[in-house]
Amino acid sequence: MSYRIIGTGSALPRKVVTNDDLAEFLDTSDEWIHTRTGIRRRHVCTTETLDDLASLAAERALEMSGLTVGDIDLIVGSTSSADHMVPAMASIVQGALGADCMSFDVYVGCSGFVAALDVADGYFARGRARHALIVAAEKVTRLVDWTDRSTCVLFGDGAGAAVVEHVEGEDLPFRATNQPSMALVMPGIPSRSPYDEHRDAGVSSLVMDGRAVFRFAVKSVTEDIQRLCEAAGVAIDDVDHFVLHQANDRIIASVVQHLGLDDAKVAHNIAETGNISSACIPLALDLANRRGDLRRGDLIALVGYGAGLAVNSCLFRWDMGSVA
């Protein structure tokens, strides 16, 4: 990897929905949800659009970076719940910022932010960009079945962003794998074609085989952390921060147990936000950065996993001073 992060930003909708709020219309309770997921509350869009959240997170990351919009050579967005199929969410962010650069989205589910980092790194390696803006934003609450307590309690909305800069330095590993599976399916655009024999068979809301995803996640995240450290020639104990996708606190706890991690090194944001798909990792980075938890030279592991079933992971060095 040939980059460093020089600015982070995030944005959450104003409305907070607690587990008790959900219990008013679902057969559930705060205890039922929290003991099974670790979630207490989530932020849900009301008046905000996904484009609003993505643009605000991007503006905050750009402001922290100290760059001007004219310095940005590339914008890569990540979303599975866009306000529109075209134009790309990244294009809307570009317009909101007034940038003059290439912009496009990647579509890799919950691991999209880490995948987008790798895309930017490829542009850096080919000399086609020096500064890139990565924006992950999700409005998953528009996709769930709000009568299904097994899925709708899991998700929230939000956005996270990072400005990355090309640098020459330590070459740390990136991993990308995929195991084709329909264990997690999000709805697409229903067909209106009179010739399409499948036009009435589309998925209307998010469907997930929770047990299958759980098993996949624990095994894959554990293996990816081990292989990243082996490829980098470092011990797992040498990693200062583990920022994993926030899908379920039980998954994170199982990874911690399997690897014998120091839990204090592991990001835990799910209680306050729920699962925000690809926005989880950049949001966690921004929160940790603004709290002053990250120090120059810290070794950080990012592991995103989800629909595909895909896993994207990397190690990188933190190269910013404290902003707290």
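Biologist: What makes the sulfur of Cys229 too far from the closest cysteine sulfur for a bond?

Modeller: In this predicted model, the sulfur of Cys229 lies 12 Å from the closest cysteine sulfur, that of Cys314. A disulfide requires sulfur atoms within 2.5 Å, so this pair is too far apart for a bond.

Biologist: Why is Cys229 called buried or exposed?

Modeller: Its relative accessibility is 3%. Buried means under 20%, and Cys229 therefore counts as buried.

Biologist: How do you know whether Cys110 is in a disulfide?

Modeller: The structure holds zero disulfides. For Cys110, the nearest cysteine sulfur belongs to Cys280 and is 7.0 Å away, whereas the limit is 2.5 Å. Cys110 is thus in no disulfide. With a relative accessibility of 7%, Cys110 counts as buried.

Biologist: What is known of the contact between domain 1 and domain 2?

Modeller: The domain assignment gives domain 1 as 3-166 and domain 2 as 174-318. The contact takes 47 residues from domain 1 and 39 residues from domain 2. The C-alpha centres of the two domains are 14 Å apart.

Biologist: How much area do domain 1 and domain 2 bury between them?

Modeller: They bury about 3,500 Å², and 65% of it is on carbon and sulfur atoms. On the side of domain 1, the residues that lose the most area to domain 2 are Cys110, Val114 and Leu143, which together account for 18% of what that side buries.

Biologist: What makes the pair Arg41 and Glu272 a salt bridge?

Modeller: The side chains meet at 2.8 Å, N to O. The cut-off is 4 Å between a side-chain nitrogen of Lys or Arg and a carboxyl oxygen of Asp or Glu, so the pair qualifies as a salt bridge. Between domain 1 and domain 2 the count is one salt bridge. Across that interface there are also 19 residue pairs in polar contact. Helix α5 provides six residues, the largest share of the side of domain 1 that touches domain 2.

Biologist: Why does the pair Asp319 and Arg4 tie together parts that are apart in sequence?

Modeller: The closest N and O atoms of Asp319 and Arg4 are 3.2 Å apart, and the pair forms a salt bridge. Asp319 lies in the segment after β13 and Arg4 in strand β1, so the bridge ties together parts 315 residues apart in sequence.

Biologist: Why is Asp319 called partly exposed?

Modeller: The relative accessible area of Asp319 is 26%. Partly exposed covers values between 20% and 50%, so Asp319 is partly exposed. Arg4, at 24%, also counts as partly exposed.

Biologist: Where do Arg290 and Asp286 lie, and which of the words buried or partly exposed applies to Asp286?

Modeller: Both residues lie in helix α9, four residues apart, about one turn of the helix. Their side chains meet in a salt bridge at 2.7 Å, N to O. Asp286 has a relative accessible area of 2%, under the 20% limit, and is therefore buried. Arg290, at 39%, counts as partly exposed.

Biologist: How do you know that Ser55 is buried?

Modeller: Its relative accessible area is 8%, and buried means under 20%, so Ser55 is buried. Ser55 is found in helix α3. Leaving aside neighbours within four places in sequence, Ser55 is in contact with Ile92, Val93 and Ala96.

Terms used
Residues numbered from 1 in each chain as written. Predicted model: local features only at pLDDT ≥ 70, side-chain atom pairs only at ≥ 80, totals over all residues. Heavy atoms only, no water. Helix = DSSP H or I, 4+ residues; strand = E, 2+ residues; numbered from the N terminus. Buried < 20%, exposed > 50% of the residue type's maximum accessible area, 1.4 Å probe, protein only. Contact = heavy atoms within 4.5 Å. Domains from an automatic or database assignment. Buried area = accessible area lost by both parts, 1.4 Å probe. Polar contact = N/O pair within 3.5 Å; in protein donor to acceptor, adjacent residues only side chain to side chain.
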